[in-house]
Amino acid sequence: MEPMGGAKLDPGHAPSVEPLPSSSGSNCSDLTLKLEFSTKVVEHEYIIGFTGYFSAKARSLYISSALRNAADADALEWRIVPRQNPASDFPSDFELVHIRQASPGSLLTLEDHPYIKRVTPQRKVFRTLKYTPSPEPAAPCNATRSWQSSRPFRRTSLSLGTGFWHATGRHSSRRLLRAIPRHVAQILQADVLWQMGHTGSGVKVAVFDTGLSEKHPHFKNVKERTNWTNEKTLDDGLGHGTFVAGVIASMRECQGFAPDSELHIFRVFTNNQVSYTSWFLDAFNYAILKKIDVLNLSIGGPDFMDHPFVDKVWELTANKVIMVSAIGNDGPLYGTLNNPADQMDVIGVGGIDFEDNIARFSSRGMTTWELPGGYGRVKPDIVTYGSGVRGSGMKEGCRSLSGTSVASPVVAGAVTLLASTVLNRELVNPASMKQALIASARRLPGVNMFEQGHGKLDLIRAYQILNSYKPQASLSPSYIDLTESPYMWPYCSQPIYYGGMPTIVNVTILNGMGVTGRIVDKPVWQPYLPQNGDHVDVAVSYAPVLWPWAGYLAVSISVAKKAASWEGVAQGHVMVTVASPAENDSEAGGELTSTVKLPIKVKIVPTPPRSKRVLWDQYHNLRYPPGYFPRDNLRMKNDPLDWNGDHIHTNFKDMYQHLRSMGYFVEVLGAPITCFDASQYGTLLMVDSEEEYFPEEITKLRRDIDNGLSLIVFSDWYNTSVMRKVKFYDENTRQWWMPDTGGANVPALNDLISVWGMAFSDGLYEGDFTLADHDMYYASGCSIARFPEDGIVIAKNLKDQGTRSVLSRAKLGVFCSHITPQCACVRALFTGLEVLKQETAVVEGVPILGLYQTPSDGGGRIALYGDSNCIDDSHRQKDCFWLLDALLQYTSYSMTPPSLSHSHSRVAPPTGAERPLPQRLEGNHLYRYSKVLEAHLGDPKPRPLPACPHLSWAKPQPLNETAPSNLWKHQKLLSVDLDKVALPNMRAYRPQVRPLSPGESGAWDIPGGIMPGRYNQEVGQTIPVFAFLGAMVVLSFFVVQLTKAKSKPKRRKPRIKRPAYLQPQAATATGKSPTV
C-alpha cells in the first residue's frame, strides 16, 4: 500500500543516493556533492484545506456536501486517501482526496464550501544527493573547503544540498588553524551554562529532517521518533538529520548545546529524498499537538507568497513554537533571503566563519515582500558559526559541514539551552526569545545590517537578558541613524534633502507580551529642537493588528521646506505604545502595555541640482513570486527565475554604489510615472522593466521629456519562440502556460517610446565585443529595431540565440519554483534552455546602443541599450558602469561622449522595415500579477489609474532637550541592564553521560584519545578552575579594601561655631565656654 498516492519511485527517476561518510580519523573525507531536484504531480490527488481543525468524520461530510453540488457530481469518482501516521487519530485542518476526472468547476465548487479554505494538488518531490571523492587530497576537519553554488530556486534543504560552502570573508588571506578543533557549543560558552546545571532539560525540540538511528551513541534523550514517510523505518539513511540533531543535542564527542533536551525526530524525507505536501502538513500539526517548544527547519526557498506554508508557519509560532530557520545560501548577492526565515515571527539565521567574517554563502537582505511601494525589512536576525561546524556522523563519530543550515541548528540548540534556564517558562515565546537574542548580539565591525542583522549570537548575554526579562515590546532595528556607516547601509550611503522621495525604513515590532497586540492611538513624532529636529517631517504607517508576536512600523522620513538650503544633522524620536490582552484578566484594564522609543538621526544637505538627481523606476519591475518571470540571462540554467527584486539595494547594489561614488543622488519611484515631479530630476532610469504602462503614464512621460527630463532604458530579451519553449505549469488549473514576459516586457517598452520613432526587436543575441576600449559581454539581449535617423546608433557583431540557437527538447529538466513538499508550488518544465551543439550564427552589425536628442526646445535626451546584465549583480560577467557614466553625461549634461559619436561601430539608424516588431505572447497571464492590467472579456485592459500615494505627516511634539549622542549604546530592552545582571554562582554539575561501551568509537581526531569538550574530566575542569581563581582575586581585593577602611582612625566631626549673638546664652546655660 502506498498511503500518499503513488510514492513508489519511478524506475527511470530513481536517484542515486549515498549516505554521508562517517569520519573517524584525523582527516575528514573531502567530498563533492552533486545535487539534483525534480518534482511530480500526483495524478488525481488533491489536498483540501479547511478553515479549522475537524474530526475525520466532519471532514468527510464537508467534502461530500461540497462535491454533491458540483455540476458533474454524478460523474465524479472520489475517495479519501488514508494517512497512516501519528497524527491520523487527531483532528486535522486538511484532507487528502483522490478525485478522478476532476474538472476546474468541481474544484471551484469545493472552494465555495464555507469550511474549505483552498484546494491544491498533491505533489511528490525528489531530492537527489550524490557524493563523489574530490581529486584534491583530504584536508583536516578544521580546514575550510570550497564548493560551488547551484543557486536552486525552490524551497529546499540548506545544508547538504547547498550547504557545503567556502566561508571566505572580508580577509580571505587569513586562516585560523587549530590542531584540535573546538566544538561550536564550547566556543559560544555553552559550558558555562552547563556548569550552572542548565542542559536543556524539559525543553522539547523538533528536528524536521531525514530521521535518526535508534542506538546512536551521541543521544540519550530521544523522546520520540516519528515517521511521516511511506518507508517502514525511522533511521537516517543519509546522515543529514543526524548531523542537525547532533549540533542541537549530542552528549559526546561533538557536543551539542542541550544534551538533556527532549529530542523529537520528525522523519519527513525518505532515504531517496522524497517527500509529499501532506507529510509536512501532518507533521506540523503533530508538532503543535505535542506542544513542541523549539523547531529547527533546514529548508528554504524564495517563495514568500506560498500561502499554505506561510499560514502554517504563522500557526506554529502562534502556538508558541519557536521556529529557527536558515536564511539561505545564495550570498553574496543581496535580496536573496529564503522563506520562512524572512518572516517576522521566525528567527532567521545567517552564517559566519570562525574569524567572525560573514560567510560568502550567507544570503543577504533586504526582504522583497514590500516592493515596489515600500521597503524591505532587516534580515537575517542574527548570525552565528556556519562554516566548518562539527556535528554527529550518521552512525558514530563526527564530521564538519558548512552552510546557513549548519548555523540554524546552532541557534536552535542555543535557544533550547536558553529556554531551559528560565524558571518561569510562560515568559518564553517566539518574540521574547528573539528579543533576547537580538538585544544581546555582538555587532561585527565593518558589516552592514543586511549582512549581519543584529550581530553575532552571544549565548551568555542572552542568558542574562532572559533571566531578567519582563514582557514588553521592542523594535528591530531599535533606532534609525542615517549617519552611521557602514552598519546602517544603505541608509547611511546618501543624505536626505528637500524635495526628494521619502526615505522609508521598515521597522519590525516584536511583541513579547502576547501573540496578539495593537498599537494604542497613533505613534508620536517628537523632534529635538536643540538638534534641529524640526527640520524633519515624519509619517508613520503600521499594522493594525500585531499577529503572531510581531507587526510592522513603516517610517517615512522627509525634509521640511525650511531646510531646503540647510545642511546639518537633525534628531528626534517616535514614541509607540503597544497593548496586548493580559493572560490574567485580574490585571488592571485586562491589558499589558509597553511604550517604546525609536530614535531617528538624519543627515540633511541642500537640494542637489537637477542634473545630479537620478530616479530609478521600481514600479514597473516585476519578480518571482507571484508570477513566472524568467531570468535575463538565458545561459543561467541553474538560476532561471528573476527573484531578487530588481532594486538598487538588492541585485543592482553595485550600480547604485558606483553612481553614488560619481556624485549622483539616486531615488526610487515606487508609484506610477504620473506621481513624480519631473522638473526635479535629470534622468529617469528604467532597467529590466516587466510591467505594462498606463496610457496616462505614456502621455505624461512624453510631456516630461519635452520639458527637459531625460530617459535611459536598459532592456532585455523578448522572443515568443523562446518563451514557448519554456513552459509554465499552473497546478491550480493544471494547465500549461508560457512565461508572462521575457527578460523584459519589450512590447510595453515599445509602446512607451514609439512616439519618438524608437523600438526594440525580438532578436536574441549574445557575445563578447569591445566598445570604447572597454571589454563588454552581451548576455541574452535584444537589438534596436527602429531609431530616429538623426540619432547615434552603435552596432556590434553578435551571436544569434533566437533563430539558429534552438532550444533542446531532448534533455528534459524539471524545475519546481520552491521544491518544498509543504506548499502549492508552481511547476515549470524547462526544455533545456541550452543551445544545441551546432554552431550559432554570427550576425554582423546588430544595433545595440542608441542616443537621441529630442527636437523640442529644451527637450531631454533618450538613450537605449538592449541588455541589462552588465549592470545587474546577479550574473554579471563584465560590468558596463563606464557606459552608464557616459550615458548620464549625455542625458544630464548634453555631453555626447566622443568615444561613441566617433566610434567605428556607428551605423545608420534602423528603420524597422527589416522585421516586424515583437508582439505580446498570445494567452499570457500577466494580468494576474500586474498592477496595470485587469482581466477583461477578450484581451486584458488597463485598470483605472490609481491615486498617487499620500503620506499623512505626523504633527510634531517638539522637545527642548538634548538628544542622546550614541543611539546604538542607548538602546536596551526596557527592563534589562546588562551591567547590573551578573551570572549566578556556579555549582559543580555535570550532565549525566553514558560511558562508552566496548567497541564504541571514542574521539575521532584527538591525539591520545582524549575526548574534547566540557564533559571530559581533565579538560572540563579548566573553566571552573579559572573562574574560581578569578573570583578569589576579586574577593581578596574587596577584603583588603574593607580592612584598610576599618583600620583607619575615625576623624572627629567638627562642631559648628554658633553665631555671636547666641554665645552668651549658651555659656550661661551650660556654665562653660563653648568649644569648637
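# A walk through the chain

Of the 1076 residues of the chain, 59% count as buried. The model is a predicted one. Its secondary structure comes to 21 helices and 45 strands. Contacts reach far along the sequence: among those between residues at least 6 apart, 80% join residues at least 24 apart. The chain exposes about 42,400 Å². Carbon and sulfur atoms supply 52% of that area.

Start with the parallel sheet. Seven strands form it, in the order 9-10-8-12-14-15-16, and the sheet is open. Its edges are strand 9 (222–227) and strand 16, each of which pairs on one side only. From one strand to the next, the twist averages 25 degrees. Look at the strand 9 edge. Strand 9 pairs with strand 10 (residues 262–267) in the parallel sense, over 5 bridges. One pair to find on screen is Arg 225 with its bridge partner in strand 10, Ile 265.

Two loops that border strands of this sheet deserve a stop. One lies between helix 6 (277–289) and strand 12 (294–297), and it holds Lys 291. Lys 291 is not a glycine, yet its phi is positive, at about 55 degrees. Is Lys 291 buried or exposed? Its relative accessibility is 62%, so Lys 291 counts as exposed; the cut-off for exposed is over 50%. The other loop runs between strand 15 (347–352) and strand 16 (382–385), and Pro 380 is found there. A cis peptide bond joins Lys 379 to Pro 380, with omega at about 0 degrees.

Now move to an antiparallel sheet. It is open and has 4 strands, in the order 19-21-25-24. Strand 19 (473–476) and strand 24 (536–542) are the edge strands, each pairing on one side only. Neighbouring strands are turned by 30 degrees against each other on average, direction ignored.

Strand 19 repays a closer look. It runs antiparallel to strand 21 (residues 503–511), and 4 bridges join the two. Within this pairing, Ser 476 has Thr 508 of strand 21 as its bridge partner. Which residues of strand 19 point which way? Ala 473 and Leu 475 point one way, and Ser 474 and Ser 476 point the other. All of them are buried. Helix 9 (residues 430–440) lies across strand 19 and strand 21. The helix runs at about 120 degrees to strand 21.

Follow the chain past Ser 476. The peptide bond from Ser 476 to Pro 477 is cis, with omega near 0 degrees. Pro 477 lies in the loop between strand 19 and strand 20 (480–481). Ser 476 therefore has two features to check: it is counted as buried under the 20% cut-off, and it enters a cis bond.

Further along, go to Ala 772. This residue sits in the loop between strand 35 (765–771) and strand 36 (774–781). Its phi is near 55 degrees, a positive value in a residue other than glycine. Ala 772 counts as partly exposed because its relative accessibility is 25%.

Next comes Gln 801. It lies in the loop between strand 38 (792–800) and strand 39 (813–816). Being in a loop does not put Gln 801 on show here: at 7% relative accessibility, it counts as buried. The cut-off for buried is under 20%. What is Gln 801 in contact with, leaving aside its neighbours within four places in sequence? The partners are Arg 635, Leu 764, Tyr 765, Glu 766 and Ser 780. Take Leu 764 from that list. Gln 801 and Leu 764 are 37 residues apart in sequence, but 5.1 Å apart in space, C-alpha to C-alpha.

End at the surface, with helix 20 (residues 1022–1047), where Met 1032 lies. Met 1032 counts as partly exposed because its relative accessibility is 36%. What patch does Met 1032 help to make? The patch is nonpolar and covers about 620 Å². Phe 1026, Phe 1028, Leu 1029, Leu 1035 and Val 1039 make it together with Met 1032.

Notes
Residues numbered from 1 in each chain as written. Predicted model: local features only at pLDDT ≥ 70, side-chain atom pairs only at ≥ 80, totals over all residues. Heavy atoms only, no water. Pairing = 2+ DSSP bridges. Axes fitted to C-alpha atoms, helices over the stretch in contact; angles between N-to-C directions. Contact = heavy atoms within 4.5 Å. Patch = residues over 30% accessible without salt bridge, like charges linked within 9 Å, V, L, I, M, F, W, Y side chains within 5 Å. Areas by Shrake-Rupley, 256 points an atom, 1.4 Å probe, with all protein chains shown as cover. Salt bridge = Lys/Arg side-chain N within 4 Å of Asp/Glu carboxyl O. Buried < 20%, exposed > 50% of the residue type's maximum accessible area, 1.4 Å probe, protein only.
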